[in-house]
Amino acid sequence: MSTPAPRPSVLFVCVHNAGRSQMGAAFLTRLGGDQVEVRSAGSAPADAVNPAVVKAMAEVGIDISAETPKLLTTEAVRSSDVVITMGCGDACPVFPGKRYLDWQLDDPAGQGLDAVRPIRDAIEQRVRALLAELGISASA
């Protein structure tokens, strides 16, 4: 009897943890289910998740209205297998042996719903590709 492989842990990071990283974490949680551990954080967290981001995610059936931006900690990075940065530049701590991906995406801060939708859709596509790379089949 073989032991199951440990769940990969993925951390999404952007400056305010109010838009891109929240969407990434929400899609990975929805699509990866309990096959992956998901975190998100920001180097300078906002007070609340961007309302346009909450609306854009609700349009695809994902409710992130109860999420709150969290402060990025070195422990969060240390305990993650994959760290996905989304425009946080040098604010993200780098540890050897971690896989880092930098997703260049427009910042939804201050944008309306029409501008947030294509960012949301790009994040969903990248999350699906990440799941495939990790060998995890996406849920519905």
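Reader: Which residues of helix α2 are the buried residues?

Author: In this predicted model, the buried residues of helix α2, which spans residues 51–59, are Ala 52, Val 53, Val 54, Ala 56 and Met 57. The elements that cover these buried residues include α1 (20–32) and α4 (113–133).

Reader: What makes Asn 50 a cap of the N-terminal end of α2?

Author: A side-chain oxygen of Asn 50 lies 2.8 Å from the backbone nitrogen of Ala 52. A polar contact requires N or O atoms within 3.5 Å, and the value of 2.8 Å meets that limit, so Asn 50 is said to cap the helix. After the helix comes Gly 61, whose phi is positive, near 80°.

Reader: How many aromatic pairs does a search of the whole structure find, and why is the pair of Phe 12 and Trp 103 called edge-to-face?

Author: The search finds one aromatic pair. The ring centres of Phe 12 and Trp 103 are 5.9 Å apart, and their planes stand at 65°. Pairing requires centres within 6.5 Å, and planes over 60 degrees apart count as edge-to-face; the pair therefore satisfies both conditions.

Reader: Why is the pair of Phe 12 and Trp 103 said to tie together parts of the chain?

Author: Phe 12 belongs to strand β1 (residues 9–14), while Trp 103 belongs to the loop between β4 (99–102) and α4; the pair therefore joins parts that are 91 residues apart in sequence. Both Phe 12 and Trp 103 are buried.

Reader: How many salt bridges does a search of the whole structure find, and what makes the pair of Arg 117 and Glu 59 a salt bridge?

Author: The search finds 10 salt bridges. For Arg 117 and Glu 59, the closest N and O atoms are 2.6 Å apart. The cut-off is 4 Å between a side-chain nitrogen of Lys or Arg and a carboxyl oxygen of Asp or Glu, so this pair qualifies. Arg 117 lies in helix α4 and Glu 59 in helix α2, so the bridge ties together parts that are 58 residues apart in sequence.

Reader: Why are Arg 117 and Glu 59 called partly exposed?

Author: The relative accessible area is 26% for Arg 117 and 41% for Glu 59. Buried means under 20% and exposed means over 50%, with partly exposed in between; both residues therefore fall in the middle class.

Reader: Which residue forms a salt bridge with Arg 99, and why is Glu 133 counted as exposed?

Author: Arg 99 forms a salt bridge with Glu 133, the closest N and O atoms being 2.3 Å apart. Arg 99 lies in strand β4 and Glu 133 in helix α4, so the pair ties together parts that are 34 residues apart in sequence. Glu 133 has a relative accessibility of 51%, and the threshold for exposed is over 50%, so Glu 133 counts as exposed. Arg 99, at 33%, is partly exposed.

Reader: Where do Arg 117 and Asp 114 lie, and which network of salt bridges includes them?

Author: Both lie in helix α4, three residues apart, about one turn of the helix. Their side chains meet in a salt bridge of 2.6 Å, N to O. Asp 114 is exposed, with a relative accessible area of 63%. The network links Glu 59, Asp 114, Arg 117, Arg 120 and Asp 121.

Reader: Why is Arg 120 called buried?

Author: Arg 120, which lies in helix α4, has a relative accessible area of 7%. The limit for buried is under 20%, so Arg 120 is classed as buried. Leaving aside neighbours within four places in sequence, Arg 120 is in contact with Met 23, Phe 27, Ala 56, Met 57, Glu 59 and Val 60.

Reader: How do you know that Ser 9 is buried, and what does Ser 9 contact?

Author: Ser 9, found in strand β1, has a relative accessible area of 2%. With buried set at under 20%, Ser 9 is therefore buried. Its contacts beyond four places in sequence include Glu 37, Arg 39 and Ser 79. The backbone oxygen of Ser 79 lies 3.5 Å from a polar atom of the Ser 9 side chain.

Reader: Which element gives the most to the lining of the largest pocket?

Author: Helix α1 gives the most, with four residues. Both α1 and β2 (37–42) supply at least two residues of the lining. The lining residues include Gln 22, Thr 29, Arg 39 and Lys 70, and the space in this pocket is about 170 Å³.

Note on methods
Residues numbered from 1 in each chain as written. Predicted model: local features only at pLDDT ≥ 70, side-chain atom pairs only at ≥ 80, totals over all residues. Heavy atoms only, no water. Buried < 20%, exposed > 50% of the residue type's maximum accessible area, 1.4 Å probe, protein only. Contact = heavy atoms within 4.5 Å. Polar contact = N/O pair within 3.5 Å; in protein donor to acceptor, adjacent residues only side chain to side chain. Phe/Tyr/Trp six-rings, centres within 6.5 Å; stacked < 30°, edge-to-face > 60°. 1 Å grid on protein atoms, 1.4 Å probe; cavity = no way out; pocket = protein on both sides within 12 Å on 5 of 7 lines; lining within 4 Å. Points joined across faces, edges and corners; volume = space filled by probe spheres on them.
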